[in-house]
Each structure stands twice: as C-alpha cells, then as structure tokens.
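Here is a colleague's note to read with the sequence and the model open side by side. Please take the points in order and find each place on the screen before moving on.

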Number of protein chains: 2
Amino acid sequence: MYSLSEENYLKAIFHLQEESKDAVSTNAIAERMDTKASSVTDMVKKLSEKSLVVYIKYQGVHLTEEGRLVAVKVIRKHRLWEVFLVDKLNFSWDQVHDIAEQLEHIQSEKLIDKLDTFLGQPKFDPHGDPIPDKQGNFSQTHNKVLSDLRVTNIGICVGVKESEEEFLQYLSRHDIGIGSQITVLNKEEYDGSMLVEIAGKELFISVEIANNIYIN
Amino acid sequence: MYSLSEENYLKAIFHLQEESKDAVSTNAIAERMDTKASSVTDMVKKLSEKSLVVYIKYQGVHLTEEGRLVAVKVIRKHRLWEVFLVDKLNFSWDQVHDIAEQLEHIQSEKLIDKLDTFLGQPKFDPHGDPIPDKQGNFSQTHNKVLSDLRVTNIGICVGVKESEEEFLQYLSRHDIGIGSQITVLNKEEYDGSMLVEIAGKELFISVEIANNIYIN
DNA sequence: TCAAATTTTTAGACAAGCCTAAAAAATAAT
DNA sequence: ATTATTTTTTAGGCTTGTCTAAAAATTTGA
Ligand SMILES: [Mn+2]
Ligand SMILES: [Mn+2]
Ligand SMILES: [Mn+2]
Ligand SMILES: [Mn+2]
C-alpha cells in the first residue's frame, strides 16, 4: 500500500502532532527522522498529493483522517511486535525497539489479527505505551509523570516516555519497570530533582528522568 | 548488511543452482524473479563486485561461499517464520509463503536464534522443506517423488516441491499433507498419471502433480 | 521598521533498482 | 560456412528517496 518511507514519515508526524497540538514544522520532522529539511519538503509534497497530510507552504503539515489511520496502524503493529518479542521470545524491554522498527512494516492484515489473538489482545506494550485497536482508537493515554509527585507521594510506574536503549537499561539497573512502586522521599524544588525509594533502595533522580516516567 | 533486492537475487540463484548444477543463466534468473534480463545483468555485476557471485559475461553466474551463506541464511529465516505462522499463529500452509517473503528480510541474528528456540528448533518447514542450521548446513534433502512409485507401492508424503497457493490448496482439498499415506492403485505408463488412495479415498493424479510431491 | 537570523523551499545531482530499445555475442539451422 | 534465431549486454531513461547549495519566505530584534 504505502512505502516504508511514507509510513515512517506519517508515524513521525503523528508523534510530533501528539506533542505539539498545532501544525508540525519541516524542521521538527527532519530532526526526528534524522534527515534533511529539503528531503522532508519533498516527501511532504508527495504525502499531500496522496491526501495523507494537509500541507501549506511555510506553515507545516498535519495528518488527514486517512494519514492518521495509516500512522496508527503502523504504531499498532510496532507495539504488538514488541509484546511478542518480550513475552514470547524473552527479549528484554531495551532490546526490542529496533527490531520492531523493521517488523512494523510487514504488510498483512491477517498476520496482525492473528498475532493480536496469539498475544491475548494486549492493551499495552512493554514500555507501557497503549496499543490502539484495529479501528485506531487508543484506550487511554498516560498523563501524570513522576516529576508531578510531591514529597511522601507514592506512584506506580505505568510507562516510559522515551524508549532509548540506554534510558531503559538505566531504569532496569535501578529496578524500575512497569509496575514498580516509587515513593518520593525528598524533592529539590529548585531543579526538580528528587530522592525516591524503589524496591527498598534509595535513588537520586534528575528531573529529566523523572519527566520520562509515567505513573498512576 | 545486504539490500532486500540483493538477498532476493542470491536466493533465486541458490535455488536455480540446486536444480541445474552448472552456471545459472541471466534468463533463468529473470524468469524466476519476474524481471527483465537487463535488470539481472545490472544486479549480477553488483553482486560480482561484492564477491557474492562469480560472473563471466555471457556465461552466467554461480554463488561464492559468502554468497551461498547469505542465501542460506535468508532461506533459514523464511522457513523458520513459516513454522511460526503455521504452528503458533494457526495459518494454513497455503497462506504463509507471501508473508514469509517479507519476514525473511528482517535483520537480527538474535531474533532468529530466539525464534528458533521458541519453535523448538524445527528441522522442516510446513511444506516439508529442510531448515538449514546457523552454519548453513542442511540436514537432508528429499529426492524421491510420488511419480517414482510403481503400482501397489506405498509412500508417505514428506514434502512438496512447489509452494504455490493454488497447488497447496488442491492438495489440502484432497486430504494430502505432510505425513499422508499414499498408495498407488494404478499407473498409466504412457503419461505417468496415476490412481492413488489417500485416507480411504481414491484420486486420479496427473504426472505434473505427482512430480511435485516428495515421498519416503 | 527594516536589517539580520532562521526556516523553508527550490534547483540540481546522485545511488539503487527497474525499464525499453538497440547492439553484440553465442547458438542453431540451413 | 553463412544466415537466422536466441541470449545477453549496453545505452539511455525513469522513479523513489536522499543530499548539498542557493534562493525565497518568515520570524526575530535593534
Ligand atoms: Mn518501540
Ligand atoms: Mn514501545
Ligand atoms: Mn515459502
Ligand atoms: Mn516453505
């Protein structure tokens, strides 16, 4: 249906749209996709031609309904494959993203349906990210992060914002994973850093990290 | 490492080499890959440049050790994925080839190792084709076909030569699958067609079909 | 407000992988 | 031994997706 490159652009635009609300800029896409702005302009014109995005020169793009659906289907595949890799093949959560980046482009409706069934229709991937259903609806989306907590508050880790291998490994090293209970022992209001307790151990966490841990 | 297209050419050359023994011709590759001879010449030059094939103008190609290894690794991945699709996702044997054609290009040593373990290190794919090990060695290869049998002989189906969807569906419709017992009731020596008995039912089979069923 | 800095687009080029049409080599037929 | 046919290669072109360098538009800010 759509090329690997087109799918990757749509996915990037979807994620950028989630973060910013208003039109996505050429430079933002270029940075996210690790490519040049001129390449983005070219592709965005093609996507616009195919009615997958609305593009106004010098004003950025946003997805059409069709474009959003394509993006969400790719995200659904990515996250289902990540569940497969962790639950069935025993990969750790920091090893699956790059493989899923490849698997997300396999074209077969039936394959995804059957994979979904095989995995027990999971609602979240190994990083706590919600898996949209076939129609493209997300059950719910995380909003509270660790840095929102105040001293003495307790939170349960339900997801992570970033999926960089190094970040996930850092978390694993300190026994932080989906389901971990985190207690705020102390908080430095000046820079937002905090001292927390996880699995009986104390850990000092910077605000950059606390911003990337979703909690309930 | 190597592009999707390169991998497909190497795989095609490997299969043609198996059939013919001597150098593989440009036209043979073109026909198998459903492309033009001029495209094959282009690619074959590239593969030769990369020491994956030995190419002499007007005299065809054959794989180098490295080229063979790349081809066999792709075949290993193809067949392991087919086992996954049939054994784990409940696909029927006639539905898996096209999906495996995509999955065979996913790049990750670790993924294949873990998939192999997850599947219980199968030695044959759903069509009875042998799965090479990590080093590229095939356990054994089928040689006897149904058409070799004589009247009153009994054979067990251990594989099929073709994996076309229509052919596999024809076999399934007549209860022929891996493990089926086939008895030759009658054979027309003129055209090689035969009357056989499978699962208590009689069936008339042309020599083209009998040539594509491996038996032991 | 108008010049400077930044962002975005355009112009032109390139590699990969394919194509058609024509030329060259090899093979088959007379 | 030529001629005819088939196979293979070459030449040139096209599409996709990328790039660099330069031009144009927008935004910043003095
Ligand atoms: Mn991921
Ligand atoms: Mn994920
Ligand atoms: Mn197959
Ligand atoms: Mn097979």
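1. Along the chain, the donors of the manganese ion (ligand 4) follow the spacing E-x42-D-x1-H. The residues behind this pattern are E82(B), which binds through OE, D125(B), which binds through OD, and H127(B), which binds through ND1, at 2.1 to 2.4 Å from the metal. Please keep in mind while reading that this is a predicted model.

2. The pair E82(B) and D125(B) links distant parts of the chain, since E82(B) belongs to helix 4 (residues 65-88) of chain B, while D125(B) sits in the loop between helix 6 and strand 3 of chain B, 43 residues apart. Are these two residues buried or exposed? E82(B) has a relative accessibility of 1% and so counts as buried, the cut-off being under 20%. D125(B), at 6% relative accessibility, likewise counts as buried.

3. Which residues coordinate the manganese ion (ligand 3)? They are H78(B) through NE2, E82(B) through OE and H97(B) through ND1, at 2.0 to 2.1 Å, and in sequence these donors are spaced H-x3-E-x14-H. E82(B) therefore deserves a second look, because E82(B) coordinates both the manganese ion (ligand 3) and the manganese ion (ligand 4), which are 3.4 Å apart.

4. The short step in that spacing can be followed on the helix itself: because H78(B) and E82(B) are four residues apart in helix 4 of chain B, about one helical turn separates them. H78(B) has a relative accessible area of 8%, so this residue is buried.

5. Turning to chain A, the manganese ion (ligand 1) is held at 2.0 to 2.1 Å by H78(A) through NE2, E82(A) through OE and H97(A) through ND1, and the donor residues here are spaced H-x3-E-x14-H in sequence. The manganese ion (ligand 1) lies 3.5 Å from the manganese ion (ligand 2), and E82(A) coordinates both. The pair H78(A) and H97(A) links distant parts of the chain, with H78(A) in helix 4 (residues 65-88) of chain A and H97(A) in helix 5 (residues 97-103) of chain A, 19 residues apart.

6. How buried or exposed are the two histidines of that pair, H78(A) and H97(A)? H78(A) is buried, with a relative accessible area of 7%, whereas H97(A), at 28% relative accessibility, counts as partly exposed. A student checking this should note that the value for H97(A) falls between the limits of 20% and 50%, which is why the label is partly exposed.

7. How are the two chains related? Chain B can be laid on chain A with an RMSD of 0.1 Å by a turn of 180° and a shift of 0.0 Å along the axis, which means that the relation is that of a two-fold axis. In chain B, the C-alpha nearest the axis belongs to L103(B), at 3.8 Å from it. Both copies use the same surface, as 100% of the contact residues of chain B recur in chain A.

8. The contact between the chains takes 20 residues from chain B and 20 residues from chain A. The area buried between them is about 1,700 Å², and carbon and sulfur atoms give 73% of this. On the side of chain B, L89(B), Q102(B) and K114(B) lose the most area to chain A, together 29% of what that side buries.

9. Across this interface the rule finds zero salt bridges, but six residue pairs are found in polar contact. The elements of chain B that give two or more residues to the side touching chain A are helix 4, helix 5 (97-103) and helix 6, and helix 6 of chain B gives the most, with five residues.

10. Finally, two backbone angles in chain B should be checked by eye. T152(B) has a positive phi of about 80° although it is not a glycine, and T152(B) lies in the loop between helix 6 (109-118) and strand 3 (154-160) of chain B, where, at 61% relative accessibility, T152(B) counts as exposed. D175(B), also not a glycine, has a positive phi of about 60°; this residue is placed in the loop between helix 7 (165-173) and strand 4 (181-187) of chain B and is partly exposed, with a relative accessible area of 37%.

Technical notes: Residues numbered from 1 in each chain as written. Chains lettered and ligands numbered in written order. Predicted model: local features only at pLDDT ≥ 70, side-chain atom pairs only at ≥ 80, totals over all residues. Heavy atoms only, no water. Donors = N, O, S within 2.8 Å, 3.2 Å for Na, K, Ca; no water. Buried < 20%, exposed > 50% of the residue type's maximum accessible area, 1.4 Å probe, protein only. Least-squares fit on C-alpha atoms with pLDDT ≥ 70 in both. Contact = heavy atoms within 4.5 Å. Buried area = accessible area lost by both parts, 1.4 Å probe. Salt bridge = Lys/Arg side-chain N within 4 Å of Asp/Glu carboxyl O. Polar contact = N/O pair within 3.5 Å; in protein donor to acceptor, adjacent residues only side chain to side chain.
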